[in-house]
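Hi,

Here is the structure I promised to pass on. Have a look at it first, and then read my notes underneath.

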Amino acid sequence: MCSVPTLLPNVQANLRRLNKRITKAARAAGRDPSSVRLVAVSKTFSPAAIIEALQAGQRAFGENYVQEAVAKIEAVRTIAVAEGSSPITDPLEWHFIGPIQSNKTRAIAEHFDWVQSVERLKVAERLSTQRPDSAPPLNVLLQINISAEASKAGLAPDQTLAVAHAVSSLPRLRLRGLMAIPEPHDDPAQQRRPFAAMKQLFDQLVADGIPVDTLSIGMSADLEAAIAEGATMVRVGTAIFGERDTR
Ligand SMILES: *Cc1c(COP(=O)(O)O)cnc(C)c1O
């Protein structure tokens, strides 16, 4: 396993190293490296850090806090346009990955391209109602509490199929798949267990006729295990931008 250094001063070098890690993990699993997408988790980091990643070719970014994200989305767009990159020919993709409060669903529906942290049908219904008609359908993942931790967010695995059917029928959403944040483990074998359970759940949706294509599992410390078990998307913050101030 790769350990995560504590000081990562260079976003572009970190991204190169990370993309190599992803490629290596995919090949080791006998998979095409292009079948794993990287979402750069930029929560708590500045628009300048995001611009650095953008200049290295990174397009998808993940944010956890609505107010912080909305301000940054605007700031990054302004800087990118000023630097001559076109938001139309080369669009950025913003993923909301944090806990969703009901009073924030409108801002999320208006500003994001993906929401990975939907854990209740009620929230999905609000997002569908509030998604502007001028925007394409909002891409949605259901967050699953795969380690069944009492303190953790997410749908119980045994509720997933029913909620997935309900969400996939909502008009302004497009259900793309599942997301999870398992309990952290240092041991790769332990890391793989919940990811394997997620892959099983994902395959059940497919077998039940729900056209999902995205399994978002794996972060800085466990992306190799996630890719080995079938991740099509990894969400990585620390290994790109460095350690966050705890908040
Ligand atoms: C912060 C966060 C990440 C990134 O975690 P790192 O360990 O910094 O890579 C991924 N997913 C979610 C939902 C997060 O909140």
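A quick word on terms before we start: the helices and strands I name are DSSP runs, numbered from the N terminus, and a helix has at least four residues. Helix α5 is a good place to begin, since Ser-128 lies in it. Also keep in mind that this is a predicted model.

**Helix α5**

Is Ser-128 buried or exposed? Its relative accessible area is 5%, and buried means under 20%, so Ser-128 is buried. Its side chain reaches the backbone nitrogen of Arg-172 at 3.2 Å.

Gln-130 is in helix α5 too, which covers residues 121-130. With a relative accessibility of 12%, Gln-130 also falls under the 20% cut-off and so counts as buried. What does its side chain touch? There is a polar contact of 2.6 Å between the side chains of Gln-130 and Thr-105.

**The ligand**

Next, the ligand. The space it takes up is the largest pocket. Around it you will find Val-41, Lys-43, Asn-64, Ile-97, Ile-181, Met-219, Ser-220, Arg-235, Val-236, Gly-237, Thr-238 and Arg-244.

Which side chains come within reach of the ligand's oxygen atoms? Lys-43 is one of them: an N or O atom in its side chain is 2.6 Å from a ligand oxygen. For Asn-64, the corresponding distance from a side-chain N or O atom to an oxygen of the ligand is 2.7 Å. For Arg-244, it is 2.8 Å. On its own the ligand has 390 Å² of accessible area, and the protein covers 89% of that.

One of the residues around the ligand, Val-236, is worth a second look. It lies in strand β8, which spans residues 233-236. At 0% relative accessibility, under the 20% limit, Val-236 counts as buried. Its C-alpha atom is 7.7 Å from that of Gly-218, and the two residues are 18 apart along the chain.

**Aromatic pairs**

How many aromatic pairs does a search of the whole structure find? It finds three, and I'll describe two of them here. A pair of aromatic rings is described by the distance of the centres and the angle of the planes.

Take Phe-61 and Trp-94: their centres are 5.6 Å apart, with 35° between the planes, and the pair is tilted. It links distant parts of the chain, as Phe-61 is in strand β2 (residues 60-63) and Trp-94 is in strand β3 (residues 93-96), 33 residues apart. Both Phe-61 and Trp-94 are buried.

Then there are Phe-96 and Phe-112. Why does this pair count as edge-to-face? The planes stand at 80°, and anything over 60 is edge-to-face, so the pair gets that label; the centres are 5.3 Å apart. Here too, distant parts of the chain are linked: Phe-96 belongs to strand β3, while Phe-112 sits in the loop between α4 (105-111) and β4 (114-118), 16 residues apart. Phe-96 and Phe-112 are both buried.

Strand β3 also holds Glu-93. Is Glu-93 buried or exposed? Its relative accessible area is 19%, which is under 20%, so Glu-93 is buried. The C-alpha atoms of Glu-93 and Ile-73 are separated by 9.9 Å, with their positions 20 residues apart along the chain.

**A few other spots**

Most residues other than glycine have a negative phi. Thr-44 has a positive one, near 75°. You will find Thr-44 in the loop between β1 (37-41) and α2 (47-55). Its relative accessibility is 30%, between the 20% and 50% limits, so Thr-44 counts as partly exposed.

Helix α2 contains Ile-50. This residue has a relative accessible area of 0% and is buried. Ile-50 and Ala-197 are 147 residues apart in sequence, and their C-alpha atoms are 33 Å apart in space.

Finally, Leu-161 lies in helix α6, residues 160-168. Its relative accessible area of 28% is also between the 20% and 50% limits, so Leu-161 is partly exposed. From Leu-161 to Gln-200, 39 residues apart along the chain, the C-alpha atoms are separated by 12 Å.

That's the tour. Happy browsing!

Note on methods
Residues numbered from 1 in each chain as written. Predicted model: local features only at pLDDT ≥ 70, side-chain atom pairs only at ≥ 80, totals over all residues. Heavy atoms only, no water. Phe/Tyr/Trp six-rings, centres within 6.5 Å; stacked < 30°, edge-to-face > 60°. Helix = DSSP H or I, 4+ residues; strand = E, 2+ residues; numbered from the N terminus. Buried < 20%, exposed > 50% of the residue type's maximum accessible area, 1.4 Å probe, protein only. Near = heavy atom within 4 Å. Polar contact = N/O pair within 3.5 Å; in protein donor to acceptor, adjacent residues only side chain to side chain. Areas by Shrake-Rupley, 256 points an atom, 1.4 Å probe, with all protein chains shown as cover. 1 Å grid on protein atoms, 1.4 Å probe; cavity = no way out; pocket = protein on both sides within 12 Å on 5 of 7 lines; lining within 4 Å. Sits in = over half its atoms within 2 Å of the grid points.
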